[in-house]
Each structure stands twice: as structure tokens, then as C-alpha cells.
Amino acid sequence: MTPEIDASALRGDAPTQPRASRSADALLGDPPVRTGRGRATGKVILLGEHSVVYGHPAIALPITSISARAEATTTAQASRIDSALFHGLLSSAPDRLRPTVTAVRAALGADDPALGGVHVRIDSDIPSERGVGSSAAVAAAVVSAVSQARGRTLTPDERFDLVQDAERAAHGSPSGLDARAVCASGPIWFRRGTVEHISVGAPLHLVVADSGVRGRTREAVESVRALKQSSPAVFDHAISALSALTTRARIQISDGDVEGLGTTMDDAHRHLGVLGVGDRALDHLATAARAAGAPGAKLTGGGRGGCILALAHDPDHAAELVARLRTAGAPAAWTTHMEIA
Ligand code: PMV
């Protein structure tokens, strides 16, 4: 684990020049050292997983309690990375870090190699392979930090494009949902690559709980495609139902109808089960959440492992759900809160 980055790293401050480096560099005639910082959160899909693959909308939210942070400093030397997984030159990073390496290179873009490299330090508490957006969040933090260190401020679309470069290295052909959601400040409506912000009529308090079973999104997506071939009527019914529930959820979020949203989540969990992407560990956690008073709970993301999402009444209830889900066997659980907006 790399040391925690200081609190200012979370603010995405303007590039800074450390005092000591500035005077040393001036003596040596090197360009000044500049520092850039970036941060992005985890993400969770509220409604619309799997149906989104077939052109229907999805709603995703940032998980505000977990994040990836990056700090980049310019260097006259070759670029290097310090992260929990690897410490060393960018050029010798293992394949596992391909998305991160892609993010650094994408952010450096066509800069003159004579400018030297960047030293990127990454710190993240978002678990990987749980469908909570780890790769996109790390990429988003990195591209912001590197661009800022090089004196560039990215627009949201520029940042998105660079994160998508890294996501392609991670997942082949990502929809873009993760890349948008990890940079969002509230719920987003995502359809065929475009995003809209959703208005929130009452505060939303949610808990994401890890089943401890590694999510298998690619396998789950393939199994749904196989169902489309083998049982088109079952597939069509479930996908249309999920699409309608997503539209209903948007209205319920805007109206502040928490109880209604809970029922919508329960219904979506059932239809996702019909699609064949449920699993016993997910069912067990969703049942435990409802027994602890959650107005609704469902699997989230690809399914066949990964996480569930449960709705809570208020922050205290969210904290109680975390405890109850941990007791029910979840190795980790996080809260996320959306304010009226
Ligand atoms: O498992 P996650 O959080 O990466 O979500 C996958 C969502 C799917 O709809 C199943 C696939 C996709 O590409 O949208």
C-alpha cells in the first residue's frame, strides 16, 4: 500500500511546485516540478444492468464513501508508478496494470518526450472485480492528476474520452457507464453512451454489500445473450420489464418516493434472476437486507457474484444495514448518500 495522499489531494487543487524542488531545479536548470491531483469515486448500478446492453437506459450512482486518488509530479526521468500493486517504471509495469499504464499514456498524449515523464502515486480503497468501478475510478484519478501536472485542465468530455481509452484496455468494449458514473456527483441516466443528470426529490441512503464472490460480468453478459437465442420470449419479457422498472425508478427518485423505489428494486432483482444472473450469495444478502428493514434490495452490476445494493431509510439505518449485512456474511459493505438536487 502506498502512503495516504494528503487531504489536499482530494480537492483537485491547482498544480503546485514544491519549494525544495523549485530551488534545486533552478540550480540545475531543469524545468520546474509540477504536481497534479485527481480523485474519482466508486460506482454502483441502481437499475438497468443487462437491459442497458440492449439499448435500454440504466441509472448509476457514485459510491461516495470509497475513492481512488492519484498524485502526479513531473520528472526529467522516465515515467513511473507507485501503487499497491506495483512500484516501478511505467514501461515495465505488469499486464495487470495495463489500464493504468494506458491512462498515464493517454493523458500524456502527444506531449514532446523531451518534457520527461511523470511520477504517479495511486491510492485506492475501491476493491477490484466487484463491479464497483475500480478500474474506471483509478483511470479517472490518474488522467486528471497527469493532465494537471502537465498544466492542462480537462473538460468532463475530455476526461471521459481518456478514461474510456483505459477502460478499453481493461474490458474490451465498455459501454461508458463506469467512466461517467465515477466522475458524477449524483445519479446519472445513461443510454447508448449519453448521460443526463437525474433530479433527486428526497435524500437517498444506500448500502452496497460485497458477496465475497468475484463478479463474472463477461460470463453473465454471455449467458444472457445465450438466453436470447434459446428462450427469446423469456428474454424479451425480462428485458422489457427491467427497462420499464428503470424508467419508473427515475420518476420515483425525482418524486422522493423511497418506498416505491424499494419495490422497484425488489422487482428488478426478480427479473435479473429470471435472466439467470442471480446467485445464492446475492439472494441471501438481499433477503438479509429486507429482513433488516430495507425498503428494497437487488443484485447490482453483472451479477453471478459481486455486490448487492440495498435502500435504507436514513443514515442511521444505512449504518445498521452495513452491520447486519456484515453479520450475514458480506466481507465488506459501503454506504452512499445522494442529497436533494
Ligand atoms: O459488473 P459491472 O458493474 O461492470 O456492470 C455490468 C453491467 C452490464 O449491464 C451487465 C454490462 C454492461 O456492459 O453494461
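Two exercises with worked solutions follow, both on a predicted model.

**Exercise 1. The ligand environment**

Determine which residues surround the ligand, how the shell divides by residue class, and which polar contacts reach oxygen atoms of the ligand.

*Solution.*

Step 1. The residues surrounding the ligand are Lys43, Ile45, Glu49, His50, Val52, Val53, Gly131, Thr217, Val221, Gly301 and Gly302.

Step 2. By class, this shell comprises four nonpolar, five polar and two charged residues. Glycine is counted among the polar residues in this division.

Step 3. Turning to secondary structure, at least two shell residues come from β1 (35-47), and at least two come from α6 (217-230).

Step 4. A polar contact requires a pair of N or O atoms within 3.5 Å. Lys43 places a polar side-chain atom 2.7 Å from an oxygen atom of the ligand. For Thr217, a polar side-chain atom likewise lies 2.7 Å from a ligand oxygen atom. His50 contributes through its backbone, with an N or O atom 2.9 Å from an oxygen atom of the ligand.

Step 5. Of the 390 Å² of accessible area that the ligand has on its own, 82% is covered by the protein.

**Exercise 2. The packing of α2 and α4**

Describe how helix α2 and helix α4 are oriented, and state the handedness of their crossing.

*Solution.*

Step 1. Two packed helices are described by the angle and the distance between their axes.

Step 2. The axes of α2 (residues 98-108) and α4 (residues 156-171) come within 8 Å and cross at roughly 150°.

Step 3. Angles over 145 degrees count as roughly antiparallel. Therefore, α2 and α4 are roughly antiparallel to each other.

Step 4. The crossing in which α2 passes α4 is right-handed.

How values were computed: Residues numbered from 1 in each chain as written. Predicted model: local features only at pLDDT ≥ 70, side-chain atom pairs only at ≥ 80, totals over all residues. Heavy atoms only, no water. Near = heavy atom within 4 Å. Polar contact = N/O pair within 3.5 Å; in protein donor to acceptor, adjacent residues only side chain to side chain. Areas by Shrake-Rupley, 256 points an atom, 1.4 Å probe, with all protein chains shown as cover. Helix = DSSP H or I, 4+ residues; strand = E, 2+ residues; numbered from the N terminus. Axes fitted to C-alpha atoms, helices over the stretch in contact; angles between N-to-C directions. Parallel < 35°, antiparallel > 145°, perpendicular 65-115°, else oblique. Left-handed = near helix turned anticlockwise from the far one by under 90°.
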